[in-house]
Amino acid sequence: ITIARLVHWKGLHLSLPAFAKFLRECPQSEYWIINEGPEMPRLKRMAQELGIADKVVFWGRLPKLQEVYDKLAQCDVLVHPAMHEAFGNVCLEAMAAGRPVICLDVGGPAMQVTEKTGFKIRVDSAQQTIDGMAEAMARLCQDEGVRLRMAEASRERAKAMFHWEGRCEEMDKFYQQVVSSA
């Protein structure tokens, strides 16, 4: 699942070809995309051109947040291919729901996701990024143990690091480091 406004910098033009490549390994899979935006017509065309339109569901904008959470609960993995993201609350929400995250190794999501909670894909080139996402998707599909371990680690990390109490502790450690190195 991807939950994002459909604008170019959210990177779905990278995740769709990655999903197409991944389908060769796990043909029973579907890719759900939630929300809308100016890129929707282009992305639907891309899905057609890649021959995966029957495996990609564009849900559009769901009227209630609970409906988004319900869709997330029905999926195994959050794919968040944003090329620019200051924080990425959706990654935290997915982690709190016990979903591993596949994101790009840039911005806020790269700081939230660890090797225990998901995959951070390098962005050296478009093809390398597509290949990396496809490999991560395949790994999570083919190895339920890895997916379940990452799901539990995601839940634990979201609770420990991004709950207000845990966040305050982390900020205190950060300030102590800054003060001690000054």
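This tour passes through the cysteines, the nonpolar cores, one helix and the empty spaces of a predicted model.

**The disulfide**

Begin by selecting cysteine 26 and cysteine 141. Their sulfur atoms stand 2.4 Å apart and form a disulfide, and the count for the model is one disulfide. Cysteine 26 belongs to the loop between α1 (12–23) and β2 (31–34), while cysteine 141 belongs to helix α6 (residues 126–142), so the bond ties together parts that are 115 residues apart in sequence. Viewed along the S-S bond, the link of cysteine 26 and cysteine 141 is left-handed, with an angle of -125°. Colour the two partners by accessibility: cysteine 26 is buried, at 3% relative accessibility, whereas cysteine 141 is partly exposed, with a relative accessible area of 25%.

**The cysteines outside the bond**

Next, select cysteine 75. Why does cysteine 75 form no bond with the closest cysteine sulfur? The closest cysteine sulfur, in cysteine 141, is 13 Å from that of cysteine 75, which is too far for a bond. Cysteine 75 counts as buried, at 12% relative accessibility.

Move on to cysteine 91, which is in no disulfide either; the nearest cysteine sulfur belongs to cysteine 103 and is 5.5 Å away. A disulfide requires sulfur atoms within 2.5 Å. Cysteine 91 is buried, at 0% relative accessibility.

**The largest nonpolar core**

Now select Val56, Ile102 and Met133. These are the residues with the most contacts inside the largest nonpolar core, which has 34 residues. Two or more residues of this core come from each of α1, β2, α2 (40–50), β3 (56–60), β5 (101–104), β6 (118–121), α6 and α7 (144–162). Which element gives the most to this core? It is α1, with eight residues.

Keep methionine 133 in view and display its contacts. Leaving aside residues up to four places away in sequence, methionine 133 touches Leu14, Ser15, Ala18, Val79, Pro81, Ile102, Leu104 and Ile121. Ile102 thus appears both in this list and among the residues with the most contacts in the core.

Then switch the selection to Val68, Ala94, Val101 and Cys103. They are included in a second, separate core of 17 residues.

**Helix α4**

Ala94 leads to helix α4 (residues 89–96), whose buried residues are Val90, Cys91, Leu92, Ala94 and Met95. To see what covers these buried residues, show the surrounding elements, including β1 (2–3), α3 (65–73), β4 (78–80), β5, α5 (107–112) and α7. Follow the backbone just past α4 to glycine 98, which takes a positive phi of about 75°.

**The largest pocket**

Turn on a pocket display and centre the view on Phe22, Ser29, Glu30, Asp76 and Val77. Of the 18 residues that line the largest pocket, these lie nearest its centre. The space in this pocket is about 410 Å³. The elements that supply two or more lining residues are α1, β2 and α6, and α6 gives the largest share, three residues. How does the lining divide by class? Twelve residues are nonpolar, three are polar and three are charged.

**The second largest pocket**

Select Ile3, Ala4, Asn35, Leu65 and Val68 to reach the second largest pocket, which has about 300 Å³ of space. These residues are the closest to its centre among the 18 that line the pocket. Helices α3 and α4 each supply at least two residues of the lining. By class, this lining has eight nonpolar, four polar and six charged residues. Val68 is one residue to keep highlighted here, since the selection for the second core also includes Val68.

**The cavity**

Finish with the enclosed space. The count is one cavity of 30 Å³ or more, and the volume of the largest cavity is about 40 Å³. Select Leu6, Val7, His8, Gly11, Leu12, His13, Glu39, Arg42 and Leu43 to display the lining of the largest cavity. Two or more of these lining residues come from each of α1 and α2. The lining comprises four nonpolar, three polar and two charged residues.

Terms used: Residues are numbered from 1 along each chain as its sequence is written. This is a predicted model: local features need pLDDT of at least 70, side-chain atom pairs count only at pLDDT 80 or more; totals for chains, interfaces and linings use all residues. Side-chain values use heavy atoms; hydrogens and water are left out. Helices (H or I, at least four residues) and strands (E, at least two) are DSSP runs, numbered from the N terminus. Buried means under 20% relative accessible area, exposed over 50%, partly exposed in between (1.4 Å probe, protein chains only). On a 1 Å grid over the protein atoms alone, a cavity is a set of points where a 1.4 Å probe fits but cannot get out, and a pocket is an open set with protein on both sides within 12 Å along at least five of seven lines; lining residues have an atom within 4 Å of a point. Grid points are joined across faces, edges and corners, and a volume is the space filled by probe spheres set on the points. Ala, Val, Leu, Ile, Met, Phe, Trp, Tyr, Cys and Pro count as nonpolar, Asp, Glu, Lys and Arg as charged, and the others, Gly among them, as polar. A nonpolar core is a set of buried Ala, Val, Leu, Ile, Met, Phe, Trp, Tyr and Cys residues joined through side-chain atoms within 4.5 Å. Contact means heavy atoms within 4.5 Å.
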